[in-house]
Amino acid sequence: MDIARQAAAVIGRVREKKPLIHHLTNYVTVNDCANIALAIGASPVMADDPAEVEEMVSHAGALVLNIGTLNTRTIESMLIAGKKAAALGKPVVFDPVGVGATTLRTHTAQRIIQEVRPSVIRGNMSEIKILAGMNAGIRGVDSTADEQGGEAIARELSRRLGCVIAITGKTDVIAQGDKRCLIHNGHLMLTGITGSGCMTTSLVGCCCGAVDDLFAAAVAGVAVMGIAGEIAQKTLKTGEEQGTFRMRLFDAISTMQPDTLIHYGKIN
Amino acid sequence: MDIARQAAAVIGRVREKKPLIHHLTNYVTVNDCANIALAIGASPVMADDPAEVEEMVSHAGALVLNIGTLNTRTIESMLIAGKKAAALGKPVVFDPVGVGATTLRTHTAQRIIQEVRPSVIRGNMSEIKILAGMNAGIRGVDSTADEQGGEAIARELSRRLGCVIAITGKTDVIAQGDKRCLIHNGHLMLTGITGSGCMTTSLVGCCCGAVDDLFAAAVAGVAVMGIAGEIAQKTLKTGEEQGTFRMRLFDAISTMQPDTLIHYGKIN
Amino acid sequence: MDIARQAAAVIGRVREKKPLIHHLTNYVTVNDCANIALAIGASPVMADDPAEVEEMVSHAGALVLNIGTLNTRTIESMLIAGKKAAALGKPVVFDPVGVGATTLRTHTAQRIIQEVRPSVIRGNMSEIKILAGMNAGIRGVDSTADEQGGEAIARELSRRLGCVIAITGKTDVIAQGDKRCLIHNGHLMLTGITGSGCMTTSLVGCCCGAVDDLFAAAVAGVAVMGIAGEIAQKTLKTGEEQGTFRMRLFDAISTMQPDTLIHYGKIN
């Protein structure tokens, strides 16, 4: 079965299994992440107190860690939840939002990688370059790095960290050891709304909560977002832009079926 | 006057009185709760620091406590605000989100019930069963309990705690002592967006801030959400799903009038 | 060049420069603020931990401080970030949400004004009257003050604090020393959604991050919101209200061009 069909099958499994996905994420896009998880058929939960995250993650199918608005309390919670998930063999999907922009973000990302050993890391090119120890223009949370060499960087980082690496951008790159997949879906309008990266990570988390093959899960989560962006953009009429696009994105995810991936996917 | 007409009258009162509704709620759905409160004609405010909640709640018509993303700081604030509201004779509406899923949630819910003595508790069947001391399948924040026996549970818990109990689900049950009301409105799509429970609690809070009869207020708040879900769903065309539904839900609440309740309400 | 043309030019500069706008803001409307900043062409970032705000603000073109859901931790962060921005000569735009409603808000607003010396303050009439040391009916975060005397108050406060003052309401007043501008755009529906004030402040922040003339920047940010409200309202059909209006507001901002300001602006 080729990777596009495998990814399509993942979406079917999410809708059947409705996995509980525990998020420790930022307060900017948390509502979008909850809605996108529901739209793809999963059940999101967003507990973040150190006193309850171990218990909550033990109910979950996967854990999403996102440092978009990290603070002392939630860094502690992320490490506790992450270690517990790892100990229970549950997949941890890590989104190193804005790593490199501040020492706190870089240091926290390093701690999460070393102490939790995430199963999947999803970031933009700037973020992944920083994690790979390279120079990357980063100023806020949006990528400013060029996309040259993404494949090699993803493969090398995947081997070094022993996890799936997903770089999203004009062309998305997913790597796990020697395996790699490129996804040519998506639309520039996705960069014009907040949370498209965070939501992609949440979708990857939903997929990881539903199947054992985390490479296929990462491909599925990333592809779903790109395809939904294309579908949403195609519906727009004159005068309809960011607001309508955002709404239609959720429509597109909630109507997404395995066949949609087969039909629209530009995955190889 | 039957309960449907009483509930309709409550909505009229909210629009006339524009009560200030102080929320201590979670960061996942807080924007939705603020917008739904505005849509029904109330004025929401979301202060949550221990140093200001007593002062803020003293301006308010009602207080909403929601433990969706509780933490040490906000638990303290909820208890302070709740006790102050109770001391001032202002209604407190409590949403025990995810109670039973973690010890922290269960313990906090018990403290709020004992120390604040809420006027109304709104939850799904899993949450209310946990509060009633029964076993209930709960894993995250979505209900997995069956709805058998809701009426008896609601009445018993209402008598024991001396407050209005509202269980929302396929059929909603509202009980206060010997009184009970069933609401047959709503649509399954409400379970496909985040915050439909939280928003229902906020609507109940808005109604409690406008009238003295908290039973009628709870019926009105719950009915408004169910009816809005039906109206929103009916507008959907092919390809329109979660995203459009959510937007239309707010349209339906903001155009809701007393007559809408009379026309659409399946309340008895 | 008259002020309307200057404001139009500011919008063009935001779209060219794409300034990074660091926000320390509330968790109720933070997603809306991020999306509105993207819609006008800026790049928002929302870090709020004391340990990283100095570093983050040093990358930014402007800083937005909004006390909508202030707490001990974020008050400290706001002061740290604000002082750093001031030291670096970066504009600080302050939104004193709900000042006067609690002692904590009033005290924090005073500290920010004294210790940070914001470049622009944007509030509703109640909030600005409180800052000016006048009595003002304030109960939550919505203005209840009448709009009499706005011009005189804005000019006097601007001179006293040495910053631009923007009062938004039915007629918006922007003042800087002896200069003043009135904006007659906007629609009452803007008061029916949460965050219209916060989003206006964010738009002002985006404009301040793109040009040196902060008076023109404040006029541009405020005018954009009013005009977008008018455009959004005009598109509504029967049954479409708060939900659709909100979505169209983002459409209107993201399609807004310098010419739109010239065409729709009622600025003098």
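## A walk along the B–C interface

Visitor: How many residue pairs are in polar contact between chain B and chain C?
Guide: Happy to start there, keeping in mind that this is a predicted model. Counting pairs with both residues at pLDDT 80 or more, the number between chain B and chain C is 16.

Visitor: Which element gives the largest share of the side of chain B that touches chain C?
Guide: Four elements of chain B give two or more residues to that side: strand S2 (43-45) and the helices H2 (30-39), H3 (53-59) and H10 (242-254). The largest share is six residues, and these come from H2(B).

Visitor: And by class, how many residues on that side of chain B are charged?
Guide: Good one to ask. Chain B has 30 residues in contact with 29 of chain C. On the chain B side, 15 are nonpolar and eight are polar, while the charged ones number seven.

Visitor: Which residues form a salt bridge between the two chains?
Guide: The count between chain B and chain C is one salt bridge. Its closest N and O atoms are 2.7 Å apart, within the 4 Å cut-off. The partners are Arg105(C) and Glu52(B).

Visitor: What area is buried between chain B and chain C?
Guide: Carbon and sulfur atoms give 49% of that area. The total is about 2,500 Å².

Visitor: What kind of axis relates chain C and chain A?
Guide: Chain C superposes on chain A with an RMSD of 0.0 Å, after a rotation of 120° and 0.0 Å of shift along the axis. The two copies are therefore related as by a three-fold rotation axis.

Visitor: Which residue of chain C has the C-alpha nearest the axis?
Guide: That C-alpha lies 3.6 Å from the axis. The residue is Tyr27(C).

Key: Residues are numbered from 1 along each chain as its sequence is written. Chains are lettered from A and ligands numbered from 1 in the order in which they are written. This is a predicted model: local features need pLDDT of at least 70, side-chain atom pairs count only at pLDDT 80 or more; totals for chains, interfaces and linings use all residues. Side-chain values use heavy atoms; hydrogens and water are left out. Contact means heavy atoms within 4.5 Å. Buried area is the accessible area (1.4 Å probe) that two parts lose on being put together, summed over both. A salt bridge is a side-chain nitrogen of Lys or Arg within 4 Å of a carboxyl oxygen of Asp or Glu. A polar contact is a pair of N or O atoms within 3.5 Å; within protein, one must be able to donate a hydrogen and the other to accept it, and residues adjacent in sequence count only if both atoms are side-chain atoms. Ala, Val, Leu, Ile, Met, Phe, Trp, Tyr, Cys and Pro count as nonpolar, Asp, Glu, Lys and Arg as charged, and the others, Gly among them, as polar. Copies are superposed by least squares on the C-alpha atoms of residues with pLDDT of at least 70 in both.
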